[in-house]
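Good morning, everyone, and thank you for making the time. I would like to walk you through one structure, going slowly, for those of you who have not met it before.

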Amino acid sequence: MHRTSGITFPVVRVAGPPAERGSQYGTLARDRIHRSIAAYERVFQHYAGWDWATVRRHAARFTKTIDDFAPALIAEMRGIAAGAGVDLEEILALNTRSEIMFAAGDTGIPHECTSFALQPHRTTTGTMIVAQNWDWLLHAQETATVLEVTRDDGPSFVTLVEAGLLAKVGMNEAGLGLCTNTLVSDGDEGRIGVPYHVLLRTALDSESARDAAEVIASAERALSANYLLADDTGFAVDLETAPRPDGVRRLSPGNGQITHANHFRATDLTGEDLYAKRKPHTLDRLRNITSGLSSSGVLSVDDMKQVLADHVDHPSSVCQHPNEALHPRERTATIAGIIMDVTDRTMHLAAGRPCVARWETVKGAVSHRQPPTLGTFERNRPE
């Protein structure tokens, strides 16, 4: 019997200059933004013992750095805050949540994702594919949003985000696709720098994967992270980064593919890989997704969906289910599966765990222009 996850994501479509599209986003996603704020208020209290006022004060410290790096994004966040009826510091707190947690001295919060890229000669469609499972705390099922941004000041893009964030996994009309994995090095300490989610957004502002890689590599980064980038030229690169000037290593495709989980594959970027030490199952997930993709010379999108639905080494598998042995606020699961054909400008999206969710197709702003609206993800074309 075919089962579905029962999870739906709203589709928020915005357009215009930064402040205007931010205001539209804040207005259309107001309820989910308020849920995001309430959820992270609980998260910071549980993991670090910080109240929301303390979190907001720390978030405000990133304002100048972001404004210096990408002033349009501060204008956009002010618009989001105004539209949602919250303070700028609260939107900053959502977009700097990873950095703030390290500043609070707690690296125990889970960060889990498994990603891959396949070059055109490895796909039955002959197109460039970049994909991942986004694994996160369970509250994200109630805050995840498909954000489609039509713009004249850069490439239009579509991204799957927690409501209130600037960007996460996504692709743009220039043919660039972006996936990401959190990394934790022994140099992560919550320093002031360009935040992780700001870099994700600036990647989607880029005209090519090479351009995005240069922006990320040259930034004064606040945290370690992994950025998997590909574009419709067939170029793909994986950037492992640490928060120091020389803290970038580039991984190129092998046998037409790149795979990644939550540990450093480069051995010289950190003295101690704190994520792998805490959760060694990242090594298992990398092995399993690499094996799944390598089992066939050429893969279809349906083959990729099966790879993302893999349950080997459950409960810490590529397709992750909540571990009932953990505290409710520490349980994670796959919030969505995402497969992006950057050549065709098509996102295949499963709202929920790929083993049970119905896959849908999203094109939106990357292929045609639409007015600001609030839609329902289920109304996109089913596969």
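Let me begin with a single residue: in which loop is Pro253 found? Pro253 is found in the loop between β10, residues 248-251, and β11, residues 257-260, where strands (E, at least two residues) and helices (H or I, at least four residues) are DSSP runs numbered from the N terminus.

Before I go further, please keep in mind that this is a predicted model, in which local features need a pLDDT of at least 70 and side-chain atom pairs count only at pLDDT 80 or more, while totals for chains, interfaces and linings use all residues. Residues are numbered from 1 along each chain as its sequence is written, and side-chain values use heavy atoms, with hydrogens and water left out.

Coming back to Pro253, its relative accessibility is 28%, so this residue counts as partly exposed, a class that lies between buried, under 20% relative accessible area, and exposed, over 50%, with a 1.4 Å probe and protein chains only. If we set aside residues up to four places away in sequence, Pro253 touches Gln119, Ala236 and Ile258, contact meaning heavy atoms within 4.5 Å.

On one side of that loop, β10 pairs with strand β9, residues 236-241, in the antiparallel sense over four bridges, and pairing here requires that DSSP finds at least two bridges between the strands. The two strands form a hairpin with six residues between them, and within the pair Glu240 stands opposite Arg249 in β10.

On the other side of the loop, β11 belongs to an open, antiparallel sheet of six strands in the order β11-β2-β3-β12-β13-β14. Its edge strands are β11 and β14, residues 359-362, each of which pairs on one side only. Inside this sheet, six bridges join β12, residues 332-341, to β13, residues 346-351, and Ala336 has Ala351 in β13 as its bridge partner.

Two helices lie across these strands. Helix α11, residues 281-294, lies across β2 and β11 and runs at about 25° to β2, whereas helix α12, residues 301-308, lies across β2, β3, β12, β13 and β14 and runs at about 160° to β12; for these angles, axes are lines fitted to C-alpha atoms, for helices over the stretch in contact, and the values run from 0 to 180 degrees between N-to-C directions.

Elsewhere, helices α5, residues 71-84, and α6, residues 88-95, have axes that come within 8 Å and cross at roughly 115°. Among the residues that meet there are Ile74 and Met77 in α5 and Leu88 and Ile91 in α6.

Helix α8, residues 196-204, is mostly covered, with nine of its nine residues buried, including Tyr196, His197 and Arg201.

Finally, how many disulfides are there, taking a disulfide as a pair of cysteine sulfur atoms within 2.5 Å? By this rule the count comes to zero. The sulfur of Cys319 has its closest cysteine sulfur in Cys355 at 3.8 Å, which is too far for a bond, and the sulfur of Cys179 lies 8.9 Å from its closest cysteine sulfur, in Cys113, again too far. Cys179 counts as buried because its relative accessibility is 0%, and Cys319 is likewise buried at 0%.

Notes. A disulfide is a pair of cysteine sulfur atoms within 2.5 Å.
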